[in-house]
Amino acid sequence: MGVNVHIGELVLDGFDGVDPDRVAVAFQAELARLVEQRGVPLAAWGPRRVDGIADLPPLPATTSPARLGEALARSVHAGLSGRGRSG
């Protein structure tokens with residue numbers, strides 16, 4: 001079974017000065033790794049669309065694009081794994 005995750009937009013408030021392109025690269029790499037290693041439990045219920053995820057773990061206060069991208073991917077994966085509230 002394959003998993004296709006499409007994220008239209010990520011909005012990061014409060015992270016001024018962090019290079020969004022570098023955040024995106026780190027985010028994509030970490031999310032791909034997590035999906036490959038751990039899967040996406042919500043996908044076991046069949047195809048579904050999630051328009052938003054709330055109540056996710058907090059992101060670290062950092063100016064490192066790599067650290068922020070990785071933490072963001074872990075947070076999104078947690079939401080896709082059922083830890084969070086779908087919107």
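Among contacts in the chain between residues at least 6 apart in sequence, what percentage join residues at least 24 apart? The share is 80%. Please keep this figure in mind during the tour of this predicted model.

**The whole chain**

Begin with the entire chain in a cartoon display. Two helices and two strands are present, and along the sequence they follow the pattern α-β-α-β. Next, show the surface. The chain exposes about 6000 Å², of which carbon and sulfur atoms supply 50%. Of the 87 residues in the chain, 30% are buried.

**Helix 2**

Select residues 65-80, which form helix 2. At 1.5 Å a residue, the 16 residues of this helix should span 22 Å, and the end C-alpha atoms are indeed 22 Å apart, so the two values agree. Twelve of the 16 residues are buried; helix 2 is therefore largely enclosed by the rest of the structure. To see some of them, colour the buried residues of helix 2, including Pro65, Leu68, Gly69, Ala71 and Leu72. Then display helix 1 and strand 1 (53-54), against which the buried residues of helix 2 pack. Finally, select Gly82, which follows helix 2 and has a positive phi, near 95°.

**The nonpolar core**

Now select Phe27, Leu31, Val35, Val40, Leu72, Ala73, Val76 and Leu80, and show their side chains. These eight residues form the largest nonpolar core. Helix 1 and helix 2 are the elements that give two or more residues to this core. The largest share, four residues, comes from helix 2.

Within this core, centre the view on Val76. Which residues does Val76 touch, not counting residues up to four places away in sequence? They are Ile7, Phe27 and Ile53.

**The salt bridges**

Side chains of opposite charge can pair when their charged atoms come close. The structure holds three salt bridges. Select Glu30, Arg33, Glu70 and Arg74, which are linked in a network of salt bridges.

Start at Glu30, which is found in helix 1. Is Glu30 buried or exposed? Glu30 counts as buried, because its relative accessibility is 8%. Apart from residues up to four places away in sequence, Glu30 touches Glu70, Ala73 and Arg74.

Move to Arg33, which forms a salt bridge with Glu30; the closest N and O atoms are 2.7 Å apart. Because Arg33 and Glu30 are three residues apart in helix 1, about one helical turn separates them. Arg33 counts as partly exposed, at 32% relative accessibility.

Return to Glu30 and turn to Arg74: their side chains meet in a salt bridge of 3.2 Å, N to O. This pair links distant parts of the chain, with Glu30 in helix 1 and Arg74 in helix 2, 44 residues apart. Arg74, at 43% relative accessibility, counts as partly exposed.

The remaining stop in the network is Glu70, whose side chain meets that of Arg74 in a salt bridge of 3.9 Å, N to O. Glu70 and Arg74 are four residues apart in helix 2, so about one helical turn lies between them. At 30% relative accessibility, Glu70 counts as partly exposed.

**A patch on the surface**

To finish, restore the surface and select Val5, Ile7 and Leu10. Together they make a nonpolar surface patch of about 200 Å². Ile7 has already appeared as a residue touched by Val76. Leu10 lies in the segment before helix 1 (20-38), and it counts as partly exposed because its relative accessibility is 39%.

Definitions and conventions
Residues are numbered from 1 along each chain as its sequence is written. This is a predicted model: local features need pLDDT of at least 70, side-chain atom pairs count only at pLDDT 80 or more; totals for chains, interfaces and linings use all residues. Side-chain values use heavy atoms; hydrogens and water are left out. Patches are made of residues with over 30% relative accessible area and no salt bridge: like charges are joined within 9 Å, nonpolar side chains (Val, Leu, Ile, Met, Phe, Trp, Tyr) within 5 Å. Accessible areas come from the Shrake-Rupley method with a 1.4 Å probe; for residues, only the protein chains shown count as cover. A salt bridge is a side-chain nitrogen of Lys or Arg within 4 Å of a carboxyl oxygen of Asp or Glu. Buried means under 20% relative accessible area, exposed over 50%, partly exposed in between (1.4 Å probe, protein chains only). Contact means heavy atoms within 4.5 Å. The expected span of a helix is 1.5 Å times one less than its number of residues. A nonpolar core is a set of buried Ala, Val, Leu, Ile, Met, Phe, Trp, Tyr and Cys residues joined through side-chain atoms within 4.5 Å.
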